[in-house]
Amino acid sequence: MRGGCFAFIPLQLSLRKCPVLPSSNCSSRTMRLLSTSQGGNQEQEMILRRQQDDDRLNTSSSTTASTGDNPSSSLDHPFLDPDNKFILTGKIAASRHGLPAEQNVFHQPIVHHKNYSFKNWPPKQTFPMTKFYHLAKALTTKQTHLPRPLVRSYMDFYQPLNHTELPRAWFAQPHGPISPLFLDRFLSSSLNRDEERKIGFRECCKMEEVKERTVLEVGGTILAAQLAWKYGLATNAAGGTHHADSEMGAGYTILNDLAVTANFLMDEELNGGTVKGVNTVLVIDCDVHQGDGTAKFDKVLGDKLVTLSMHCDSNYPTYKARSTYDVPLPDKMGDEDYMEVLIESVERAIAETNPDFVLYDAGVDVHKDDFLGRLALTDQGIRRRDRWVIDKCVESKIPIVGVIGGGYDKDPIILAKRHAIVHEEAAFVWRKRKMWNLQ
């Protein structure tokens with residue numbers, strides 16, 4: 001690869017040769033994706049279906065809110081399955097299937113779990129834990145720019161495996177990319193105060209709900225990746241935990257879903273044969289903060305993991321890691337300048353690395369009103385960014401998963417609408433390319 005620079009800021013380039021993750025000993029299985037029989041597409045039938053779904057969710061023992069999407073506050077089971085039983089099934093990693101993509105002419109497969117958010121989150125915490133709840137609500141509520149809710153029913157979301165079913169091998173070395181010592185210390189509430197402070201959740205790291213949602217979020221991105229491999233495009237209504245590395249968490253992130261998913265995609269024995277032929281994964285990280293944790297996984301995954309980070313240079317973290325492609329941006333950069341740098345950066349990364357799969361971190365903390373941001377993108381600028389990245393990958397026949405990344409606003413509803421943009425723009429591309437017909 002060649003060194004070089006852009007018109008606005010220098011592009012720091014580094015490709016490193018690192019040891020490749022050892023092959024898994026798990027048995028390989030032929031992919032068997034489950035198909036779900038659904039009702040017709042008539043308007044009255046869909047409205048009735050949504051009402052029935054909401055009634056089912058409202059009466060569930062693990063939900064309390066009228067929307068059917070507030071989680072239970074109690075956990076009775078350990079985390080992750082040490083026996084890795086699910087790998088042997090060769091199935092898609094869903095505890096519930098959503099609306100089949102072949103029948104869905106309006107939006108791509110979207111992954112969500114009601115326990116991405118939970119009650120009793122301390123109100124003084126900076127991290128907006130309720131945003132995942134409000135995001136799901138925004139996606140199932142009619143917006144002014146759409147003729148209908150993007151997602152007509154909570155039952156149309158795909159739901160990842162429960163936290164007790166997710167195979168431990170997907171997470172922990174030697175098969176997964178995360179240190180088993182760190183993973184076990186987190187799940188057993190054994191992190192010290194300095195480690196909890198670095199993560200940002202402090203004593204909340206010990207909350208059972210935090211542990212559950214942390215592993216569910218990773219499971220959600222893995223499920224979205226399986227769906228994108230089959231259909232070309234999928235999104236997770238969470239994810240983008242890019243500050244966590246293989247040995248510790250940081251910056252409101254504990255387990256790095258991007259690195260775990262990249263490793264999952266490239267190991268056919270680990271993924272049970274549900275994904276084949278992925279040798280290079282490109283992470284396009286457009287969060288306002290550098291994806292430093294993801295970049296450090298090169299020590300585990302080698303140069304099969306390609307990282308492109310477009311971030312505000314003056315923002316967190318103070319000491320930057322070295323991504324494959326680093327694109328540091330100046331404070332207050334607006335829509336037009338941002339798009340020019342984005343297009344040149346992404347086109348270069350794709351041309352030079354020829355990735356088999358893209359994981360896209362669509363952080364909205366680039367917004368001009370984000371209180372941890374420092375860039376100056378508008379809603380429309382974020383919309384243009386997401387549409388261009390997704391359409392570029394689909395046009396290039398590269399499967400892509402979108403995750404929501406960071407975003408901070410005192411109004412959780414406003415923030416949720418920003419996070420909804422990546423799902424809406426993925427749906428635009430889904431309709432534009434008629435992707436339900438491509439199977």
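Visitor: How many residues are in the largest nonpolar core?
Guide: In this predicted model, the largest nonpolar core has 127 residues. Those with the most contacts inside it are Trp170, Tyr338 and Tyr360.

Visitor: And which helix gives the most to this core?
Guide: That's α5, residues 208–231, with 11 residues.

Visitor: Back to Trp170, what is it in contact with, leaving aside neighbours within four places in sequence?
Guide: On the aromatic and aliphatic side, its contacts include Phe86, Ile87, Leu161, Ile222, Val260, Phe264 and Leu270. Ala93, Gly176 and Pro177 are in contact with Trp170 as well.

Visitor: New topic: helix α2. Mostly covered or mostly exposed?
Guide: Mostly covered. α2 runs over residues 131–139, and 8 of its 9 residues are buried.

Visitor: Which ones are buried?
Guide: Lys131, Phe132, Tyr133, His134, Leu135 and Ala136, then Ala138 and Leu139.

Visitor: What covers them?
Guide: The cover for the buried residues of α2 includes α5 and also α11, which spans 412–432. You've met α5 already, as the helix that gives the most to the big core.

Visitor: Okay, cysteines. How many disulfides does the structure hold?
Guide: It holds 0.

Visitor: Why no bond for Cys204?
Guide: Because the closest cysteine sulfur, in Cys205, is 7.5 Å from the sulfur of Cys204, which is too far for a bond. A disulfide needs the two sulfur atoms within 2.5 Å.

Visitor: Is Cys204 buried or exposed, then?
Guide: Buried, at 4% relative accessibility.

Visitor: What about the relative accessible area of Cys286?
Guide: That one is 1%, so Cys286 is buried too.

Methods:
Residues are numbered from 1 along each chain as its sequence is written. This is a predicted model: local features need pLDDT of at least 70, side-chain atom pairs count only at pLDDT 80 or more; totals for chains, interfaces and linings use all residues. Side-chain values use heavy atoms; hydrogens and water are left out. A nonpolar core is a set of buried Ala, Val, Leu, Ile, Met, Phe, Trp, Tyr and Cys residues joined through side-chain atoms within 4.5 Å. Buried means under 20% relative accessible area, exposed over 50%, partly exposed in between (1.4 Å probe, protein chains only). Helices (H or I, at least four residues) and strands (E, at least two) are DSSP runs, numbered from the N terminus. Contact means heavy atoms within 4.5 Å.
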